[in-house]
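Trainee: I would like a close look at a single part of this protein, its interior. Please take me through it step by step.

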Amino acid sequence: MTKQEKVQFVIDTLEAFYPEIPIPLDHKDPYTLLIAVLMSAQSTDVRVNQITPLLFERADNPYDMIKLSVEEIREIIKPVGLSPMKSKGIHGLSHILIDKHNGEVPKTLEELEELPAVGHKTASVVISQAFGIPAFPVDTHIHRLMYRWNLSNGKNVVQTERDAKRLFPKEIWNDLHLQIIWYGREYSPARGWDLDKDIITKTIGRKTVINDYLKAKKTRS
């Protein structure tokens, strides 16, 4: 298979597996998405979706959020982890949205990345999911799978994002990055991985990855 054929195989398979793509984080507008994505750093979407309703009941917009103290926010979001940093970020960015952006979430990566606790990945998720602007946010699942599929060398997420954007058509980035995440969670996880269920890696996977998997399986048996 040529690289282009591999890319097409990935696109076709993911489209067949996930014709309807669920959005991982519950939200109702760009602001609640921004807060949810910020909270998801080093946490799970499931945990975040349990906590955001409690926070949004108190404050689901920047004007109400700044009425809460950093300590109050921290108390609510403690279960998602890294709460000292995240609560300061949420409070700080809410102030900036009011002062600089009329309470609205900006639509550019540059402006989003200027907000406290908002990195490139968070900004990319917000512009793609809230505004439909093409972006390719790379999380641990995408980073792992692009390496397993021999579509990126896996040195760092910056390189993985660059490779993904080069290989896949821009008009499908927003759907595709979510499809890869769901596929990674269900069929190609970091732990408890079963290659027989992972049709994409089984078909186009990096030889060294497959050989290491088979060796480890043999050792276990």
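Mentor: The largest nonpolar core in this predicted model has 33 residues. Those with the most contacts inside this core are L34, M39, L55, I77, I90, L93 and L112. Six helices each give two or more residues to the core: α2 (30-39), α3 (45-58), α5 (70-77), α6 (83-101), α7 (109-113) and α8 (120-131). Of these, α2 supplies the largest share, eight residues.

Take L34 as an example. Setting aside its neighbours within four places in sequence, L34 is in contact with L93, L97, V105, L112, L115, V118, T122 and V126. Two of these partners, L93 and L112, are also listed with L34 among the residues with the most contacts inside the core.

There is also a second core, separate from that one, with 23 residues. Among them are I11, W149, L151 and L176.

Now set this interior against the whole protein. The chain forms 13 helices and zero strands. Of its 221 residues, 47% are buried. When contacts between residues at least 6 apart in sequence are counted, 58% join residues at least 24 apart. The radius of gyration is 19 Å, which agrees with the value near 17 Å for a compact globule of 221 residues. Along the principal axes, the C-alpha atoms fill a box of roughly 55 × 40 × 30 Å.

As for the outside, the protein exposes about 11,500 Å², and carbon and sulfur atoms supply 52% of that area. The side chains include 30 positive and 29 negative ones, and the centres of the two sets lie 10 Å apart.

Note on methods: Residues are numbered from 1 along each chain as its sequence is written. This is a predicted model: local features need pLDDT of at least 70, side-chain atom pairs count only at pLDDT 80 or more; totals for chains, interfaces and linings use all residues. Side-chain values use heavy atoms; hydrogens and water are left out. Helices (H or I, at least four residues) and strands (E, at least two) are DSSP runs, numbered from the N terminus. The radius of gyration is taken over C-alpha atoms; the globule rule is 2.2 Å times the number of residues to the power 0.38. Buried means under 20% relative accessible area, exposed over 50%, partly exposed in between (1.4 Å probe, protein chains only). Contact means heavy atoms within 4.5 Å. Accessible areas come from the Shrake-Rupley method with a 1.4 Å probe; for residues, only the protein chains shown count as cover. Lys and Arg count as positive and Asp and Glu as negative; His and the chain ends are not counted. The place of a charge is taken as NZ of Lys, CZ of Arg, CG of Asp or CD of Glu. A nonpolar core is a set of buried Ala, Val, Leu, Ile, Met, Phe, Trp, Tyr and Cys residues joined through side-chain atoms within 4.5 Å.
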